[in-house]
Amino acid sequence: MCRAQGCYSLSNMRTNDVMARLEAAVSALGDVDVSAWPEDTLKEQLGELSAALVALDGVLSRVADEVRARGLRIEEPVSA
């Protein structure tokens, strides 16, 4: 993954750092409410939004596949 300050790999980061980043990403995505966007805004952003969603889907699938490849299951947490 590359950004303005350089390239890095999450595999090289400490596990706690990776989990904190994943939790922050989930929190940020949880704040997205496309239903509140005006129709014109959604239409203007649709290409960029679609690209982001496709990229996100690909990354999540890769991580899930890597977990499954190690013989582990990804389970949905049971709510209290």
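**Exercise 1.** Which residue follows α2, and what is the sign of its phi?

Solution. The model is a predicted one. Step 1: go to the end of α2, which spans residues 39-69. Step 2: take the glycine that follows the helix, G71. Step 3: read its backbone angle; phi of G71 is positive, near 85 degrees.

**Exercise 2.** Place α2 among the elements of the chain.

Solution. Step 1: count the elements; the chain has two helices and two strands. Step 2: put them in order from the N terminus, which gives β-β-α-α.

**Exercise 3.** Compare the reach of α2 with its expected span, and locate its bend.

Solution. Step 1: α2 holds 31 residues, for which 45 Å is expected at 1.5 Å a residue. Step 2: from first C-alpha to last, the helix reaches 42 Å, close to that expectation. Step 3: the bend lies at L46 and comes to about 55 degrees.

**Exercise 4.** Describe the second largest pocket by volume, lining and residue class.

Solution. Step 1: the space in this pocket is about 160 Å³. Step 2: its lining consists of L29, V32, V34, W37, L49, A52, L53 and L56. Step 3: helix α2 gives the largest share of that lining, four residues. Step 4: sorted by class, the lining has eight nonpolar residues, with no polar and no charged ones.

**Exercise 5.** What percentage of the chain is buried, and how much area is exposed?

Solution. Step 1: of the 80 residues, 2% are buried, taking under 20% relative accessible area as the cut-off. Step 2: the exposed area of the chain is about 7,200 Å². Step 3: carbon and sulfur atoms supply 57% of that area.

Notes
Residues are numbered from 1 along each chain as its sequence is written. This is a predicted model: local features need pLDDT of at least 70, side-chain atom pairs count only at pLDDT 80 or more; totals for chains, interfaces and linings use all residues. Side-chain values use heavy atoms; hydrogens and water are left out. On a 1 Å grid over the protein atoms alone, a cavity is a set of points where a 1.4 Å probe fits but cannot get out, and a pocket is an open set with protein on both sides within 12 Å along at least five of seven lines; lining residues have an atom within 4 Å of a point. Grid points are joined across faces, edges and corners, and a volume is the space filled by probe spheres set on the points. Ala, Val, Leu, Ile, Met, Phe, Trp, Tyr, Cys and Pro count as nonpolar, Asp, Glu, Lys and Arg as charged, and the others, Gly among them, as polar. The expected span of a helix is 1.5 Å times one less than its number of residues. The bend at a residue is the angle between axes fitted to the seven residues ending there and the seven starting there. Buried means under 20% relative accessible area, exposed over 50%, partly exposed in between (1.4 Å probe, protein chains only). Accessible areas come from the Shrake-Rupley method with a 1.4 Å probe; for residues, only the protein chains shown count as cover.
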